Amino acid sequence: MARKEPEEKESIVRYVHLPDGSDEHSGNGLKAHWCERVVGIGETEILYLLTDAVVDTVCCGDRTFHYATVLGYVSEWKATKDEHGLPVSTVETVIDPSQQDEIASLLKKDDSDLQVSFRSE
């Protein structure tokens, strides 16, 4: 996929990478596990979070959600650290609808049930 210049200005976002072992959450009927992933697209890379969440409801039992949250195009990979010493990357959000469609199709290639959303800021 060739990256096209969007009509609107993309947002620059600082993403703080999670420390090892902090990719799970449990409590109040929710269990979630997520991991950071990077996929190459043309000459650039996309950073996204892949999440599996199980929600236990009283009425319906467990519901499982499997989704990807696309953070954006990687501008700088772990180039700085935050005040706690955690690595920080810089990404540009994906706002162009045609690019979003192409990225979603790529991510769904191996998992057609994957829900894909895009971070806007």
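Which side chains does a polar contact of 2.4 Å join? The side chains are those of H66 and D52. The notes below start from the model as a whole and come back to that pair.

1. Model and confidence. This is a predicted model. The mean pLDDT of the chain is 84, and 83% of the residues reach 70 or more. Confidence is highest in strand 6, where the mean is 96. It is lowest in strand 2, residues 24–27, where the mean is 64. Any reading of strand 2 should be set beside that mean of 64.

2. Overall layout. The chain has 1 helix and 7 strands. Their order along the sequence is β-β-β-β-β-β-α-β, so the helix is placed between the sixth strand and the last one by the pattern. Of the 121 residues, 31% count as buried. The chain exposes about 7,900 Å², and carbon and sulfur atoms supply 47% of that area. Among contacts between residues at least 6 apart in sequence, 50% join residues at least 24 apart.

3. Strand 6 and its partners. Strand 6 covers residues 87–92. This strand is mostly covered, with 5 of its 6 residues buried. Strand 1, residues 12–16, pairs with strand 6 in the antiparallel sense over 5 bridges, and I12 stands opposite E92 in this pairing. Strand 5, residues 61–81, also pairs with strand 6 in the antiparallel sense, over 5 bridges. There, T80 stands opposite V88. The hairpin of strand 5 and strand 6 has 5 residues between the strands, and G85 takes a positive phi near 85°.

4. S89. This residue belongs to strand 6. Is S89 buried or exposed? S89 counts as buried because its relative accessibility is 0%, and the cut-off for buried is under 20%. The side chain of S89 makes a polar contact of 2.6 Å with the side chain of H17. Beyond its neighbours within four places in sequence, S89 is in contact with V13, R14, Y15, H17, E76, W77 and K78. Among these, V13 and Y15 fall within the range of strand 1, residues 12–16, while E76 and W77 fall within that of strand 5, residues 61–81.

5. T90. T90 is found in strand 6 as well. Its relative accessible area is 15%, so T90 is buried. Leaving out residues up to four places away in sequence, T90 touches I12, V13, Y73, V74, S75 and E76. V13 and E76 are also listed among the contacts of S89.

6. Strands 3 and 4. These two strands pair in the antiparallel sense over 12 bridges. I41 stands opposite T44 in strand 4. The two strands form a hairpin with 2 residues between them, and in the turn G42 has a positive phi of about 60°.

7. Nonpolar cores. The largest nonpolar core has 12 residues: V39, I41, I46, Y48, L50, A68, V70, Y73, V94, I103, L107 and L114. At least two residues of this core come from each of strand 3 (30–41), strand 4 (44–57), strand 5 and helix 1 (97–108). A second, separate core has 7 residues, including V13, Y15, L47 and L49. In soluble globular proteins, nonpolar side chains tend to be buried together.

8. L114. This member of the largest core is in contact with L50, H66, Y67, A68, L107 and K108, leaving aside neighbours within four places in sequence. L50, A68 and L107 belong to the largest core too.

9. H66, and the opening question. H66 lies in strand 5. Why is H66 classed as partly exposed? H66 is partly exposed because its relative accessible area is 23%, and that class runs between the cut-offs of 20% and 50%. H66 and T51 are 15 residues apart in sequence, with their C-alpha atoms 5.8 Å apart in space. Not counting residues up to four places away in sequence, H66 touches L50, T51, D52, D111, D113, L114 and Q115. One of these, D52, is the partner in the side-chain polar contact of 2.4 Å. Two others, L50 and L114, are members of the largest nonpolar core.

Definitions and conventions
Residues are numbered from 1 along each chain as its sequence is written. This is a predicted model: local features need pLDDT of at least 70, side-chain atom pairs count only at pLDDT 80 or more; totals for chains, interfaces and linings use all residues. Side-chain values use heavy atoms; hydrogens and water are left out. Helices (H or I, at least four residues) and strands (E, at least two) are DSSP runs, numbered from the N terminus. Buried means under 20% relative accessible area, exposed over 50%, partly exposed in between (1.4 Å probe, protein chains only). A polar contact is a pair of N or O atoms within 3.5 Å; within protein, one must be able to donate a hydrogen and the other to accept it, and residues adjacent in sequence count only if both atoms are side-chain atoms. Contact means heavy atoms within 4.5 Å. Accessible areas come from the Shrake-Rupley method with a 1.4 Å probe; for residues, only the protein chains shown count as cover. Two strands pair if DSSP finds at least two bridges between them. A nonpolar core is a set of buried Ala, Val, Leu, Ile, Met, Phe, Trp, Tyr and Cys residues joined through side-chain atoms within 4.5 Å. pLDDT is the predictor's confidence in each residue, from 0 to 100.
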